[in-house]
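Biologist: Hello! Please take a close look at the charged side chains for me, and at the strands that carry them. I would be glad of one connected walk through that part.

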Amino acid sequence: MKTHLAGKLLSVFLVVVFSILPLETQPAAGHIQRFKNFQQDYFWIVEDVGSIASCFDMQISSALSKDGIPHVSYFDSENSALMHAQRMNTGWVTTIVDDSGAVGRHSSIALDSAANLHIAYRNMSNNELEYASFDGGAWNHQTVGSAEVGWFPSLAFDQDDHPQIAYLGNAPGAGSQTPKFADWDGNQWVIGVIEKLFASGSISLAVDSNGARHVSYQTGGALRYAVYTSTRWVTQTVDSKTIGGFDVGLYSSIAIDKLGNPTISYAQYGTNLSPPFPIHLKFAHRQGGAWQFALPDTSSGAGFFSSLKLDSQDD
């Protein structure tokens with residue numbers, strides 16, 4: 001199984017990958033960053049979307065439309081606003097999605113089957129989870145739940161084009177970073193708890209072709225996986241702390257293949273006891289009921305904020 005893993009691509013500018021070329025067709029000039037998967041080497045073609053002065057690292061989400069148009073959502077730290085960027089023929093065009101207070105951190109952007117844009121994000125002013133959808137002329141906004149905190153939302157759509165959001169929020173007796181789930185039933189948001197415990201380091205959601213919801217997150221130094229059956233969430237530990245007691249499971253990203261098997265990319269701390277502590281990129285794939293593991297990149301810092309996608313061949 002080939003799995004493509006994209007790590008953090010920010011250096012001086014906010015960048016988004018929109019094309020991958022094999023080695024033999026690499027451009028003669030331009031800002032190129034090397035990417036490696038398990039089968040062959042590629043070169044990233046990188047474009048500048050906005051300056052790092054106005055983009056807060058860790059607050060970036062991207063989505064690609066069916067016709068290949070890239071979209072990016074990010075937090076403008078200078079203006080405390082949620083921004084959307086779209087690549088047009090003439091270059092990148094940015095628009096303000098929401099600037100009503102300190103809004104826009106931890107955004108997650110997705111397109112429905114009709115290519116309409118949707119973004120889930122955190123309202124820092126009110127500690128609320130917000131949702132914005134674009135109707136072709138304007139952005140429409142909803143508060144998903146009051147006092148929900150809304151840390152690290154992850155947005156996806158079910159087979160009926162209803163938005164689903166996994167996030168870390170308030171739950172009595174479990175604190176403000178409990179894995180939670182918001183489901184739009186066509187009339188209202190229905191909110192529930194995935195697992196009553198404290199989670200950290202983000203949460204990731206994927207919906208398979210049958211509409212089942214799959215979620216990954218980190219708690220207690222271990223990577224957790226949850227899947228919603230017809231009536232309840234079923235959870236399990238995928239990967240636990242290493243022998244040296246170092247955490248695994250931070251900054252996870254989950255994808256589901258055509259057979260409904262989950263693959264998760266995430267960070268694992270190395271065993272170096274002296275700072276800077278190395279953070280490696282790791283992935284887990286479940287097949288036949290068993291989890292398989294690999295460390296595709298053990299360079300320091302490689303495991304931060306990975307983003308995992310499977311192509312039409314499940315590669």
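Modeller: Happy to. One term first: a residue counts as buried when its relative accessible area is under 20%. Please also keep in mind that this is a predicted model.

With that cut-off, Lys-282 and Asp-239 are each buried. The two side chains form a salt bridge, with the closest N and O atoms 2.7 Å apart. Asp-239 belongs to strand E20 and Lys-282 to strand E23, so this pair ties together parts that lie 43 residues apart in sequence.

Let me place those two strands. E20 is part of an open sheet of 4 strands, ordered E17-E18-E19-E20 with antiparallel pairing. E17 (200-207) and E20 (233-239) are its edges; each has a single partner strand, so one side of each is left without a neighbour in the sheet. On average, neighbouring strands of this sheet are turned by 20° against each other, direction ignored.

E23 belongs to another open sheet of 4 strands, with the order E21-E22-E23-E24 and antiparallel pairing. At its edges are E21 (248-256) and E24 (290-297), each pairing on one side only. Here the average turn between neighbouring strands is 25°, direction ignored. E23, residues 279-287, pairs with E24 in the antiparallel sense over 6 bridges. One place to see that pairing is Arg-286, which stands opposite Trp-291 in E24. The link between Lys-282 and Asp-239 therefore joins E23 to E20.

How many salt bridges are there in the whole structure? The search finds 3, and the remaining ones also involve strands of the E17-E18-E19-E20 sheet.

Take Asp-183 and Arg-213 next. Their side chains meet in a salt bridge of 3.2 Å, N to O. Asp-183 is in strand E15 (residues 175-184) and Arg-213 is in E18, so the contact ties together parts 30 residues apart in sequence. Asp-183 is buried, and so is Arg-213. E18 covers residues 213-219 and pairs with E17 over 6 bridges in the antiparallel sense. Within that pairing, Ser-216 of E18 is the bridge partner of Ser-204.

Then there is Glu-195, whose salt bridge with Arg-224 has its closest N and O atoms 2.4 Å apart. Glu-195 lies in the loop between strand E16 (189-193) and E17, while Arg-224 lies in E19, so parts 29 residues apart in sequence are tied together. Why does Glu-195 count as buried? Because its relative accessible area is 13%, which falls under the 20% cut-off. Arg-224 counts as buried too, at 13% relative accessibility.

Arg-224 also takes part in the strand pairing, standing opposite Thr-237 in E20. E19 (residues 222-228) and E20 pair in the antiparallel sense over 6 bridges, and a hairpin of 4 intervening residues joins E19 to E20.

For contrast, look at Arg-122 in strand E10 (residues 117-123). Arg-122 is buried but has no salt bridge, and the nearest side chain of opposite charge, Glu-130, is 10 Å away. What joins the side chains of Arg-122 and Asn-127? A polar contact of 2.7 Å. Beyond its neighbours within four places in sequence, Arg-122 is in contact with several residues, including Gly-104, Arg-105, His-106, Glu-128 and Trp-151.

Gly-104 leads to one more residue: its C-alpha is 5.0 Å from that of Phe-75, although the two are 29 residues apart in sequence. Phe-75 is in strand E6 (residues 70-76) and is buried, with a relative accessible area of 3%.

To set all this in the whole chain: there are 25 strands and 0 helices, and 50% of the 315 residues are buried. Among contacts with a separation of 6 or more, 41% are between residues 24 or more positions apart. If you go back to the picture, you could begin with Lys-282 and Asp-239, the buried pair that ties E23 to E20.

Methods: Residues are numbered from 1 along each chain as its sequence is written. This is a predicted model: local features need pLDDT of at least 70, side-chain atom pairs count only at pLDDT 80 or more; totals for chains, interfaces and linings use all residues. Side-chain values use heavy atoms; hydrogens and water are left out. Helices (H or I, at least four residues) and strands (E, at least two) are DSSP runs, numbered from the N terminus. Buried means under 20% relative accessible area, exposed over 50%, partly exposed in between (1.4 Å probe, protein chains only). Lys and Arg count as positive and Asp and Glu as negative; His and the chain ends are not counted. A salt bridge is a side-chain nitrogen of Lys or Arg within 4 Å of a carboxyl oxygen of Asp or Glu. A polar contact is a pair of N or O atoms within 3.5 Å; within protein, one must be able to donate a hydrogen and the other to accept it, and residues adjacent in sequence count only if both atoms are side-chain atoms. Contact means heavy atoms within 4.5 Å. Two strands pair if DSSP finds at least two bridges between them. Axes are lines fitted to C-alpha atoms, for helices over the stretch in contact, and angles run from 0 to 180 degrees between N-to-C directions.
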